[in-house]
Amino acid sequence: MISLTDSQKIGMGLTGFGVFFLFFGMILFFDKALLAIGNILFVAGLAFVIGLERTFRFFFQKHKMKATSFFLGGVFVVLIGWPIVGVVLEFYGFFLLFRGFFPVVVGFIRRIPVLGSILNLPFISAPS
């Protein structure tokens, strides 16, 4: 079991609520208030989980500036009232920011019994 500090536990809760509000805002036809709350909670939760300094260093690395500008620009566009355009920008920025983590996540999911067998089907898995 991984031990978490109290601030990391708070961060996990904030991040979870942020993802919930983002999902719920998209389900309710891109409700801008829910999406704005979700964005704020997600970024605040990330800062609590990994710390303010590491969050700042993660987002503002030189090679990630394009991704950061798309992600934070999408958050800003949602906050000013254009939720669909903002969410598209956020997804693109999120993909660019976290694309290095996707192979790790897929490798983890392949170890889960039902999902792993689905991901190992011949037309889904990449030839190695």
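A nonpolar patch sits on the surface of this predicted model. Its members are Phe108, Ile112, Val114, Leu115, Ile118, Leu121, Phe123 and Ile124, and together they offer about 770 Å² of accessible area. Helix H7, which covers residues 113–119, supplies the largest share of the patch, with three residues. Leu115 is a patch member that lies in helix H7. With a relative accessibility of 41%, Leu115 counts as partly exposed, because that value falls between the 20% limit for buried and the 50% limit for exposed.

Stepping back from the patch, the whole protein chain turns out to be a helical affair. It has seven helices and zero strands, so the run of elements from the N terminus reads α-α-α-α-α-α-α. The C-alpha trace spans about 45 × 35 × 35 Å along its principal axes. Of the 128 residues in the chain, 29% are buried. The chain exposes about 9000 Å², and carbon and sulfur atoms supply 76% of that area. As for how the chain meets itself, take the contacts with a separation of 6 or more: 49% of them come from residues 24 or more positions apart.

Helix H2 deserves a longer look. It takes in 19 residues, 32–50. How far apart should the ends of H2 be at 1.5 Å a residue? The expected span is 27 Å, and the end C-alpha atoms are indeed 27 Å apart, so the two values agree. Right after H2 comes Gly51, which has a positive phi near 95°.

Which residues of H2 are buried? The list runs Leu34, Leu35, Ala36, Gly38, Asn39, Leu41, Phe42, Gly45, Leu46 and Ala47. These buried residues pack against four other helices: H1 (6–27), H3 (52–59), H4 (65–80) and H5 (83–98). Asn39 makes a handy example. This residue of helix H2 has a relative accessible area of 2%, so it counts as buried. Leaving aside residues up to four places away in sequence, Asn39 touches Leu22, Val75, Val78 and Glu90.

Ala44 also has its place in helix H2, but here the relative accessible area is 28%, which means that Ala44 is partly exposed. Ala44 and Thr55 are 11 residues apart along the chain, and 9.8 Å separates their C-alpha atoms.

Over in helix H5 there is Val87, which is buried, with a relative accessible area of 6%. Apart from residues up to four places away in sequence, Val87 touches Met26, Phe30, Leu35 and Val78. One of these partners, Leu35, is 52 residues from Val87 in sequence, yet the two C-alpha atoms are 8.4 Å apart in space. Leu35 is itself one of the buried residues of H2.

The stretch leading into H2 has its own quirks. Ile27, found in helix H1, is partly exposed at 48% relative accessible area. Ile27 and Val77 are 50 residues apart along the chain, with 19 Å between their C-alpha atoms. Next up is the loop between H1 and H2, which holds Phe29 and Phe30. Neither is a glycine, but Phe29 has a positive phi of about 55°, and Phe30 also has a positive phi of about 55°. Are these loop residues buried or exposed? Phe29 has 76% relative accessibility and therefore counts as exposed, whereas Phe30, at 27%, counts as partly exposed. Phe30 is also among the residues that Val87 touches.

Finally, the annotation. An unreviewed UniProt entry places the feature "transmembrane region" at residues 12–30, 36–56 and 68–85. In the model, residues 12–30 are 84% helix and 0% strand, and the end C-alpha atoms of that span are 24 Å apart. Residues 36–56 are 95% helix and 0% strand, with 20 Å between the end C-alpha atoms.

Terms used:
Residues are numbered from 1 along each chain as its sequence is written. This is a predicted model: local features need pLDDT of at least 70, side-chain atom pairs count only at pLDDT 80 or more; totals for chains, interfaces and linings use all residues. Side-chain values use heavy atoms; hydrogens and water are left out. The expected span of a helix is 1.5 Å times one less than its number of residues. Buried means under 20% relative accessible area, exposed over 50%, partly exposed in between (1.4 Å probe, protein chains only). Contact means heavy atoms within 4.5 Å. Patches are made of residues with over 30% relative accessible area and no salt bridge: like charges are joined within 9 Å, nonpolar side chains (Val, Leu, Ile, Met, Phe, Trp, Tyr) within 5 Å. Accessible areas come from the Shrake-Rupley method with a 1.4 Å probe; for residues, only the protein chains shown count as cover. A salt bridge is a side-chain nitrogen of Lys or Arg within 4 Å of a carboxyl oxygen of Asp or Glu. UniProt positions are given in the numbering used here, feature names are shortened, and annotations may be inferred rather than shown by experiment.
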